[in-house]
Amino acid sequence: MSKKNVTLYINAIRNIRPDTTNITVPNISGSHGNVFIADTNDGKLVFKSNRIQMIQKNVLASGMMKRLDIPAPDLATTKSIGRYKKQYFEVYPYVHDKTLYEHIGNGMKSEIIQKSFFEMADILAKMSKFPVDQYNALRYTHAHQITSANISDTTNLIMGKFYQAAVIMLNIGKQYVMHFDMTPKNTVVNDRGEIQHVLDLDAVGICSENFALAAMVSKYQQLGFNLPEILEYYEQNVRRKIQYRTIIRQANLNNIGKHLHWVVGHKKQGSK
């Protein structure tokens, strides 16, 4: 992200909340570069710049997560959406534990890492029980719409359309409301591996079960863990058969796609 964009974001945050101090970016900021952390009179808050339609969708996702007793950003309060001119922000309390990604980098024991992944599987199982017809009401409710918008923002419109088409192809089958980027970067855990917070409500949308599970297990696979074990656990949890081969094949494609997105995104940032 360019220094110009950083300055615009920081100025917007200061206009939304004049009491902000020590505005920084997270240690794991992702490819968007649109998330900031600041001290305020109400404590440390997260400010995430986003499209207003995406924020409206995320408010719906936040309410759903709360109903399912899944820890996630609470966007239901009047202070949870900030606006300065044409810039909109999601605003919510900062969670002080580290992401699972950071814990892995710090040498967390493998059995604790596995515990976190199994809790991710529990969360996806909970979400799969939410009625789809109670969610399909706003723009950006489907995975391909969300992916197209976010990839276009971080790379370009052509890549956004390419990823949109790919996601549509991968989402054949029964649809659920799930978090389709349930990964170590999007889960905050304590030292015991217990999930304290699920991040990135952008990635909550209508998608196939295979698609959401493949996103979760792609990193699990990279870490050298046994994929059938966690898929069997999920299958027992939801009490229905899942498509092992399809999920594993999509997990492999995810790892290739993420690498491509990383390469293109870094080239774009380097050209600014």
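# Exercises on a predicted model

Tyr140 has a relative accessibility of 5%, so Tyr140 counts as buried. The model is predicted. The exercises below start from this residue and move outwards.

## Exercise 1: Tyr140

Task: find where Tyr140 lies, and state which sign its phi has.

Solution.
- Step 1. Place the residue. Tyr140 sits in the loop between H4 and helix H5 (143–154).
- Step 2. Read the backbone angle. Phi of Tyr140 is near 65°, a positive value, and the residue is not a glycine.
- Step 3. Set this against the general rule. Most residues other than glycine have a negative phi.
- Step 4. Recall the accessibility. The cut-off for buried is under 20%. Tyr140 is at 5%, so it is buried.

## Exercise 2: Asn22

Task: decide whether Asn22 is buried or exposed, and list what Asn22 is in contact with beyond its neighbours within four places in sequence.

Solution.
- Step 1. Assign the element. Asn22 belongs to strand S1.
- Step 2. Apply the cut-off. Exposed means over 50% relative accessible area. Asn22 has 54% relative accessibility, so Asn22 is exposed.
- Step 3. List the contacts. With neighbours within four places in sequence left aside, Asn22 is in contact with Ile37, Ala38 and Asp39.
- Step 4. Check phi. Asn22 is not a glycine, yet its phi is positive, at about 50°.
- Step 5. Take one long distance. From Asn22 to Asn171 the C-alpha atoms are 42 Å apart, with the two positions 149 residues apart in sequence numbering.

## Exercise 3: the salt bridge of Asp42

Task: name the salt-bridge partner of Asp42 in the pair with N and O atoms 3.0 Å apart, and say which parts the pair ties together.

Solution.
- Step 1. Recall the principle. Side chains of opposite charge can pair when their charged atoms come close.
- Step 2. Find the partner. Asp42 pairs with Arg17, and their closest N and O atoms are 3.0 Å apart.
- Step 3. Locate both ends. Asp42 is in the loop between strand S2 (35–40) and strand S3 (43–50), and Arg17 is in the loop between helix H1 (3–16) and strand S1 (21–24), so the bridge ties together parts 25 residues apart in sequence.
- Step 4. Classify Arg17. Its relative accessibility is 15%, so Arg17 is buried.

## Exercise 4: the salt bridge of Lys48

Task: state how many residues apart in sequence Asp200 and Lys48 lie, and classify each by accessibility.

Solution.
- Step 1. Confirm the pair. The side chains of Asp200 and Lys48 form a salt bridge at 3.3 Å, N to O.
- Step 2. Locate both ends. Asp200 lies in the loop between strand S9 (195–198) and strand S10 (204–208), while Lys48 is in strand S3, so this bridge links parts 152 residues apart in sequence.
- Step 3. Classify Asp200. At 22% relative accessibility, Asp200 is partly exposed.
- Step 4. Classify Lys48. At 7% relative accessibility, Lys48 is buried.

## Exercise 5: a pair within a helix

Task: find which helix holds both Lys115 and Glu119, then name the residues that shared salt-bridge partners join into one network.

Solution.
- Step 1. Read the distance. Lys115 and Glu119 form a salt bridge, with the closest N and O atoms 3.7 Å apart.
- Step 2. Place the pair. Both residues lie in helix H4 (residues 110–127), four residues apart, or about one turn of the helix.
- Step 3. Classify both. Lys115 is partly exposed at 36% relative accessibility. Glu119 is partly exposed too, at 22%.
- Step 4. Turn to the network. Arg17, Asp19, Asp42 and Lys79 are joined by salt bridges that share partners.
- Step 5. Count over the whole structure. The search finds ten salt bridges.

## Exercise 6: the whole chain

Task: compare the radius of gyration of the chain with that of a compact globule of 272 residues.

Solution.
- Step 1. Count the elements. The chain has nine helices and ten strands.
- Step 2. Compare radii. A compact globule of 272 residues would have a radius of gyration near 19 Å, and the chain has 18 Å, which agrees.
- Step 3. Add the box. The C-alpha atoms fill roughly 50 × 40 × 40 Å along the principal axes.
- Step 4. Add burial. Of the 272 residues, 49% are buried.
- Step 5. Add the contacts. Among contacts with a separation of 6 or more, 72% join residues 24 or more positions apart.

Conventions
Residues numbered from 1 in each chain as written. Predicted model: local features only at pLDDT ≥ 70, side-chain atom pairs only at ≥ 80, totals over all residues. Heavy atoms only, no water. Helix = DSSP H or I, 4+ residues; strand = E, 2+ residues; numbered from the N terminus. Rg over C-alpha atoms; globule rule 2.2 N^0.38 Å. Buried < 20%, exposed > 50% of the residue type's maximum accessible area, 1.4 Å probe, protein only. Contact = heavy atoms within 4.5 Å. Salt bridge = Lys/Arg side-chain N within 4 Å of Asp/Glu carboxyl O.
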